[in-house]
Amino acid sequence: MLDNFKASFYQNFIQDDRWKYIVDGLGNTLKITFFAVLIGIILGFLIAVIRSTYDKTHRLGFLNALCKIYLAVIRGTPVLIQLLIIYFVVFGSMKIDKILVAVMAFGINSGAYVAEIFRSGIMSIDNGQFEAGRSLGFNYTQTMIYIIMPQAFKNVLPALCNEFIVLLKETSVAGYIAIQDLTKGADIIRSRTYSAFMPLIAAAIIYLVMVMIFTYFVQKLERRLRSSDH
């Protein structure tokens with residue numbers, strides 16, 4: 001049995017340097033996830049501020065309407081369809097880097113969910129905090145920056161962590177536009193060796209380890225934020 005395992009390992013990863021498919025795919029997965037997270041946070045934060053401002057002051061009505069359309073469309077359609085539309089429809093007539101397309105697609109998709117997470121955190125803060133900010137001489141923007149957002153961030157951190165974990169795993173569909181991500185790298189090895197178990201299990205273990213590492217650091221951050229409340 002051990003000899004069979006060694007032979008399978010050699011065939012799937014050592015022979016013809018097939019391990020490079022996994023390493024290159026992991027690099028693309030991390031690259032897509034990192035930049036998509038940045039886009040998701042920036043886009044989600046802006047939308048959350050617009051929507052919460054409208055809810056509290058009834059200003060920015062036109063922008064709020066645009067944000068609601070964006071949220072309805074993005075949250076109501078699968079991320080794979082959005083990825084294919086951006087690649088084959090929006091940029092179908094031009095040559096564009098596939099990694100950039102994936103970053104845009106996953107970032108735009110994530111932004112819709114991050115927006116609602118941030119908005120729920122902002123709306124969960126008692127109105128008395130806004131009044132306290134006004135009594136200190138802060139305007140609405142200053143109150144949001146110095147009083148509301150720090151509290152809202154601590155409230156939504158677990159939900160944000162879950163969203164980023166979901167985003168990391170969602171990038172596994174990037175192979176549909178021929179990007180060699182981690183999942184696609186494992187599938188390429190499977191197509192070369194006709195052995196599915198080892199490359200796919202290896203990809204699954206790598207995803208699991210990345211999620212566990214990310215969860216560990218977020219939990220440490222949560223404990224530090226909680227300790228700062230005392």
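Helix H1 gives the most to a nonpolar patch on the surface of this predicted model, with five residues. The patch covers about 700 Å². Its members are Leu2, Phe5, Phe9, Tyr10, Ile14, Trp19 and Val23. Two elements, helix H1 (2–14) and helix H2, each give two or more residues to this patch. Val23 lies in helix H2. The relative accessible area of Val23 is 44%. Val23 is therefore partly exposed, since this class lies between the 20% limit for buried residues and the 50% limit for exposed ones.

Charged side chains were examined next. Seven salt bridges were counted in the predicted model. One of them joins Glu116 to Arg51, with the closest N and O atoms 3.0 Å apart. Glu116 belongs to helix H5 (residues 98–123), whereas Arg51 belongs to helix H2 (residues 19–57), so this pair ties together parts that are 65 residues apart in sequence. Both partners, Glu116 and Arg51, are buried.

Glu116 also forms a salt bridge with Arg119. Here the closest N and O atoms are 3.4 Å apart. This contact stays within one element: Glu116 and Arg119 both lie in helix H5. They are three residues apart, about one turn of the helix. Arg119 is buried, and so is Glu116.

These contacts belong to a network. Salt bridges link Arg51, Asp55, Arg75, Glu116 and Arg119. Within this network, Glu116 pairs with Arg51 and with Arg119.

A further salt bridge is found in helix H8 (residues 182–193), where both Arg190 and Asp187 lie. The side chains of Arg190 and Asp187 meet at 2.7 Å, N to O. The two residues are three apart in the helix, about one turn. What is the exposure class of Arg190? Its relative accessibility is 30%, so Arg190 counts as partly exposed. Asp187 has a relative accessible area of 27% and is likewise partly exposed. Both values fall between 20% and 50%, which means that neither residue is classed as buried or as exposed.

The pairs can be set side by side. Glu116 and Arg119 are buried, whereas Arg190 and Asp187 are partly exposed. Each of these two pairs sits within a single helix, H5 for Glu116 and Arg119 and H8 for Arg190 and Asp187. The pair of Glu116 and Arg51 instead joins helix H5 to helix H2. Helix H2 also contributes to the nonpolar patch, and Val23 is placed in this helix.

Terms used:
Residues numbered from 1 in each chain as written. Predicted model: local features only at pLDDT ≥ 70, side-chain atom pairs only at ≥ 80, totals over all residues. Heavy atoms only, no water. Salt bridge = Lys/Arg side-chain N within 4 Å of Asp/Glu carboxyl O. Helix = DSSP H or I, 4+ residues; strand = E, 2+ residues; numbered from the N terminus. Buried < 20%, exposed > 50% of the residue type's maximum accessible area, 1.4 Å probe, protein only. Patch = residues over 30% accessible without salt bridge, like charges linked within 9 Å, V, L, I, M, F, W, Y side chains within 5 Å. Areas by Shrake-Rupley, 256 points an atom, 1.4 Å probe, with all protein chains shown as cover.
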